[in-house]
Amino acid sequence: MGKFSFEHSFEIDTLQRLIAKHQGLFRHQSLFDTHYRGKPLSITAIELGHQESPCPTVLFVGGIHGVERIGAQVVLSFLDSLLNRLAWDKHLQILLKQVRLAFVPVANPVGFLQGSRSNGNHVDLMRNAPIDAEEKVTFLVGGHRISSKLPWYRGQNGMEAETQVLVDYVRELQGTSTSVIALDAHSGFGLADHIWFPYAHTRKPFEGMGYIYHLKQLFDRGYPHHGHYKVAPQSHYYQTHGDIWDYLAKTHPTKVPFVPLTLEMGSWAWVKKNPRQIFNFSGYFNPQKPHRHHRILRRHVVLMQFLIDAAFSQTLEGISAEQYLGLQTDAQRHWSKKR
């Protein structure tokens with residue numbers, strides 16, 4: 001994983017090496033250019049696969065919180081695997097003729113160089129979107145505008161550049177897709193791996209919950225021994241202001257299925273197994289032992305490949321309006337029991 005330095009980021013360097021080594025295999029663009037201590041930085045989007053006409057899209061995002069390095073590493077490791085498979089994997093070659101795969105592996109590069117949750121303006125990007133919780137949120141944790149010196153600061157003047165470019169990029173993908181599934185990789189909550197979906201700002205049911213319920217059923221049946229994820233709306237655990245995925249889902253609904261998922265890896269389990277991690281701030285959010293680190297990089301490959309295969313099969317596009325009403329009803333019944 002590499003020793004952390006405020007002047008160095010293993011994840012940023014890894015992304016640059018992947019681009020240099022494989023750039024003939026994909027399209028890449030800078031969504032936002034900035035500098036940190038004289039070092040040029042960018043938020044880079046990489047796309048593989050279909051682009052001639054609207055198609056299913058799967059988006060993988062990492063590194064919204066700079067201290068949660070394992071999220072970016074999981075995304076980068078999966079991207080590296082796909083790129084190395086392209087030369088021989090016939091299934092992947094056929095899949096990419098009909099599906100677009102998009103990656104934003106390091107969404108907060110300044111945060112990575114600072115070793116902080118926030119960006120260069122001390123704003124928590126997952127509390128920064130212009131959407132407010134409908135109920136009282138947990139003090140500080142739910143997002144606040146008290147001071148940039150305190151964690152979970154929302155900011156004062158609209159969306160930060162990093163938030164804005166991610167929102168704009170997702171909207172762009174929605175406009176050229178028949179469905180969009182997004183997986184945003186984080187770490188730091190609880191002993192188990194969670195998959196959260198909107199909403200974080202309200203307990204009201206997400207209008208796209210039926211799609212998520214359908215994917216959950218397919219995953220549980222197809223991989224019955226891999227069901228270690230706890231899948232639920234984020235509001236079942238706590239509510240927040242400013243969630244990016246809530247903002248996209250609530251204020252910019254689209255006619256195509258939109259499934260925003262947040263993978264919240266349970267870093268407390270890593271601390272429990274290696275208590276000495278508490279003496280290292282990064283250790284609260286990232287596995288420190290090499291064998292555990294490698295295991296986490298492998299652990300989520302099945303889920304990520306499943307999302308790609310579901311997109312290739314046009315699983316969401318094939319659901320009729322009548323079927324969806326039934327799925328939405330079943331989803332609400334299922335998650336209302338889980339509270």
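Below is a chat about the fold, core and salt bridges of a predicted model.

Colleague: How many helices and strands does the chain have?
Modeller: This is a predicted model, and its chain has eleven helices and eight strands.

Colleague: In what order do the strands sit in the sheet?
Modeller: The order is 1-2-4-3-5-8-6-7, in an open sheet of eight strands with mixed pairing.

Colleague: Which strands stand at the edges?
Modeller: Strand 1 (27-36) and strand 7 (230-233) do. Each has a single partner strand, so one side of each is left without a neighbour in the sheet. On average, neighbouring strands of this sheet are turned by 20 degrees against each other, ignoring direction.

Colleague: Back to strand 1: how many bridges join it to strand 2, and do they run parallel or antiparallel?
Modeller: Nine bridges join strand 1 to strand 2 (residues 39-49), and the two run antiparallel. To give you a residue to click on, Phe-32 has Ile-43 in strand 2 as its bridge partner.

Colleague: Which strands does helix 2 lie across?
Modeller: Helix 2 (residues 69-85) lies across strand 2, strand 3 (55-62), strand 4 (100-104), strand 5 (177-187) and strand 8 (258-265). Its direction is at about 135 degrees to strand 3. Helix 10 (residues 301-312) packs on the sheet too, touching strands 3, 4, 5, 6 (194-197) and 8. The angle between helix 10 and strand 3 is about 160 degrees.

Colleague: Switching to the core, which residues have the most contacts inside the largest nonpolar one?
Modeller: Leu-48, Leu-59 and Phe-103, in a core of 94 residues. Helix 2 supplies the largest share of this core, with nine residues.

Colleague: What is Leu-59 in contact with, leaving aside its neighbours within four places in sequence?
Modeller: Its contacts include Ala-102, Phe-103 and Val-104, along with Tyr-169, Ile-181 and Trp-245.

Colleague: How many salt bridges does the structure hold?
Modeller: It holds 14. One of them is between the side chains of Arg-117 and Glu-68, at 3.5 Å from N to O. Arg-117 lies in the loop between helix 4 (109-114) and helix 5 (161-175), and Glu-68 in the loop between strand 3 and helix 2, so the pair ties together parts that are 49 residues apart in sequence.

Colleague: Is Glu-68 buried or exposed?
Modeller: Glu-68 is buried, at 4% relative accessible area.

Colleague: Which residue does Lys-250 form a salt bridge with?
Modeller: Glu-207, with the closest N and O atoms 3.7 Å apart. Lys-250 lies in helix 7 (residues 244-251) and Glu-207 in the loop between strand 6 and helix 6 (209-222), so this pair links parts 43 residues apart in sequence. Lys-250 is partly exposed at 38% relative accessibility, and Glu-207 is partly exposed at 46%.

Colleague: What about Lys-216, which residue is its salt-bridge partner?
Modeller: Asp-220, with 2.8 Å between the closest N and O atoms. The two are four residues apart in helix 6, so about one helical turn separates them. Asp-220 is partly exposed, with 31% relative accessible area.

Colleague: Which residues are joined into one network by salt bridges that share partners?
Modeller: Arg-27, Glu-47 and Arg-100.

Colleague: Last topic, overall shape. What radius of gyration does the chain have?
Modeller: The chain has 19 Å, which agrees with the value near 20 Å for a compact globule with 339 residues. The C-alpha trace spans about 55 × 50 × 40 Å along its principal axes, and 58% of the residues are buried.

Technical notes: Residues numbered from 1 in each chain as written. Predicted model: local features only at pLDDT ≥ 70, side-chain atom pairs only at ≥ 80, totals over all residues. Heavy atoms only, no water. Pairing = 2+ DSSP bridges. Axes fitted to C-alpha atoms, helices over the stretch in contact; angles between N-to-C directions. Contact = heavy atoms within 4.5 Å. Core = buried A, V, L, I, M, F, W, Y, C linked by side-chain atoms within 4.5 Å. Buried < 20%, exposed > 50% of the residue type's maximum accessible area, 1.4 Å probe, protein only. Salt bridge = Lys/Arg side-chain N within 4 Å of Asp/Glu carboxyl O. Rg over C-alpha atoms; globule rule 2.2 N^0.38 Å.
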